Amino acid sequence: MAAHVLELPAAAAALWRDRLDLLLDSTGEGVFGIDLAGNCVFLNRAGAQMLGIAPEDALGRNMHALTHHSHPDGSPYPDSDCPIFNAFRRGLPCRVDSEVFWRRDGSAFAVEYSSHPLLEDGQVHGAVIAFVDITSRKRAADELQRAHDELARANDGLERRVAARTQELSQALAQLRELSAYSEQVREEERTRIAREVHDELGSLLVALKMDVNWLHKRLGEQGARTPEAAGDMRTQMRCKCQNMSRLIETAVDNVGRIITDLRPSILDHQGLWAALEWQAQEFAQSAELRLAWRMDVPDTLHLPEPAAMAVFRIFQEMLSNVGRHARASALDVAIEVQGEVLQLRVQDNGVGATRQALEAPTAYGVMGMRERARQLGGRLSITSAPGEGSILQLLIPLELA
């Protein structure tokens with residue numbers, strides 16, 4: 001009977017360890033842990049893919065020598081200067097976005113990483129590092145800077161040649177800067193929120209689960225040497241530990257699901273754009289307490305490419321957001337259909353409406369963002385609204401992109 005009881009915690013510990021691995025592999029961030037010597041103790045799937053190395057090949061290897069050995073210009077990077085190692089040498093967390101990690105094939109990629117010391121009983125035992133590839137972000141920032149520089153040069157030339165247009169161009173440049181600043185502010189707020197949730201909530205849960213699994217593994221190994229009475233007491237402690245781990249896992253799963261849904265609703269990948277649009281409309285109408293009239297008439301075979309589908313989904317989200325923030329409506333009418341070779345998406349509300357000046361104001365960042373996304377798809381966004389008459393927002397996209 002005693003042997004049968006001992007098997008249950010071992011199976012449970014293996015199951016929790018598997019769930020912990022799944023949690024680490026479900027995030028798009030790379031995550032690895034190092035001991036006090038800087039050697040890898042775990043590496044999740046996303047991190048292994050970014051580094052171009054199998055997780056098992058990284059275990060036991062010095063991560064600084066493996067992936068952080070040089071500066072972006074190729075000059076040596078001593079581990080004594082490494083902020084990652086300082087996380088456990090000095091007990092100092094850090095967040096860095098100006099360095100590179102090196103892949104196994106010798107290529108480098110721009111990276112944003114954070115390193116946090118792993119503490120147990122007040123002692124540092126290593127560090128946990130989360131990182132993301134920000135190559136696209138860096139490239140976009142460089143392109144935006146070049147665009148600003150080119151626009152500034154063009155503006156200077158136009159001021160010299162056509163004095164009458166100076167004011168108009170200055171206003172356009174100011175609007176572009178305001179939109180860029182607003183976009184960066186929104187991105188930074190979202191980045192901060194996600195980082196806080198991942199590192200403060202999910203990160204601490206994962207570390208706690210890892211410590212509990214290690215505790216169970218150690219106690220199970222010692223169980224055979226205990227007296228029957230001591231073994232019974234230890235089984236009671238292990239059951240309590242298992243219950244606590246179960247609660248931590250449930251909390252972690254809930255947090256992961258919430259974060260993933262905020263970033264990108266899974267229904268968009270699993271069931272496609274049309275199901276995602278209907279889900280978003282139903283969720284919004286329910287939370288805003290609006291009557292929803294939903295009509296969608298698109299061919300079952302119509303599938304937009306992933307970038308176009310994401311752009312349409314984000315435009316639709318912003319349309320609903322505008323209704324929620326400004327319309328004070330009680331009813332919402334959504335129609336999606338294909339006419340000829342054009343996809344039409346229309347959102348109509350019975351709210352207070354808006355003036356043309358308000359919709360075209362320099363601070364109407366949501367409207368500007370929707371129009372910019374529509375232009376990138378080769379389409380356009382039209383808005384019909386008047387005070388007291390509600391609003392109609394219509395997105396028209398040519399289907400050549402499909």
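**Figure 1. Helix α11 and the residue that follows.** In this predicted model, helix α11 comprises 22 residues, from 306 to 327. The distance from its first C-alpha to its last is 31 Å, which is close to the 32 Å expected at 1.5 Å a residue. Just after α11 comes Arg328, whose phi is positive, at about 50°. As background for viewing any such helix, an α-helix has 3.6 residues a turn, so residues three or four places apart point the same way.

**Figure 2. The mixed sheet containing β6 to β10.** Five strands make up this open sheet, and their order across it is β6-β7-β8-β10-β9. The pairing of the strands is mixed. At the edges are β6 (291-297) and β9 (380-385), each of which pairs on one side only. From one strand to the next, the twist averages 10°.

**Figure 3. The pairing of β7 with β8.** Strand β7 covers residues 331-339, and strand β8 covers residues 342-349. The two strands pair in the antiparallel sense, and eight bridges are found between them. One residue pair may be picked out: Ile336 has Leu345 in β8 as its bridge partner.

**Figure 4. Helices α10 and α13 against strands of the mixed sheet.** Five strands form this open sheet, in the order β6-β7-β8-β10-β9. Helix α10, residues 273-288, packs on the sheet and touches β6, β7 and β8. The direction of α10 makes about 170° with that of β6. Helix α13, residues 365-376, lies across β9 and β10 (391-398). With respect to β9, helix α13 runs at about 145°.

**Figure 5. The antiparallel sheet containing β1 to β5.** This open sheet is also formed by five strands, here in the order β2-β1-β5-β4-β3. Its pairing is antiparallel. The edge strands are β2 (40-43) and β3, and each pairs on one side only. On average, neighbouring strands of this sheet are turned by 30° against each other, with direction ignored.

**Figure 6. The β3-β4 hairpin and the neighbouring strand β5.** Strand β3 (residues 94-102) pairs with strand β4 (residues 108-120) in the antiparallel sense over seven bridges. Within this pairing, Cys94 stands opposite Ser115 in β4. The two strands form a hairpin, with five residues between them. In the turn, Gly106 has a positive phi of about 95°. Strand β4 is also joined to strand β5 (residues 123-133) by ten bridges, and these two strands run antiparallel. Here the bridge partner of Pro117 is Ala127 in β5.

**Figure 7. The largest cavity and its lining.** Rolling a probe the size of a water molecule over the atoms shows where empty space is left. The count comes to one cavity of 30 Å³ or more. About 30 Å³ of space lies in the largest cavity. Its lining consists of Phe32, Met63, His64, Thr67, His68, Cys82, Ile84 and Phe85. Helices α4 (63-67) and α5 (83-89) each supply at least two residues of this lining. The most is given by α4, with three residues. By residue type, the lining divides into five nonpolar residues, three polar residues and no charged ones.

Technical notes:
Residues are numbered from 1 along each chain as its sequence is written. This is a predicted model: local features need pLDDT of at least 70, side-chain atom pairs count only at pLDDT 80 or more; totals for chains, interfaces and linings use all residues. Side-chain values use heavy atoms; hydrogens and water are left out. On a 1 Å grid over the protein atoms alone, a cavity is a set of points where a 1.4 Å probe fits but cannot get out, and a pocket is an open set with protein on both sides within 12 Å along at least five of seven lines; lining residues have an atom within 4 Å of a point. Grid points are joined across faces, edges and corners, and a volume is the space filled by probe spheres set on the points. Helices (H or I, at least four residues) and strands (E, at least two) are DSSP runs, numbered from the N terminus. Ala, Val, Leu, Ile, Met, Phe, Trp, Tyr, Cys and Pro count as nonpolar, Asp, Glu, Lys and Arg as charged, and the others, Gly among them, as polar. The expected span of a helix is 1.5 Å times one less than its number of residues. Two strands pair if DSSP finds at least two bridges between them. Axes are lines fitted to C-alpha atoms, for helices over the stretch in contact, and angles run from 0 to 180 degrees between N-to-C directions. Contact means heavy atoms within 4.5 Å.
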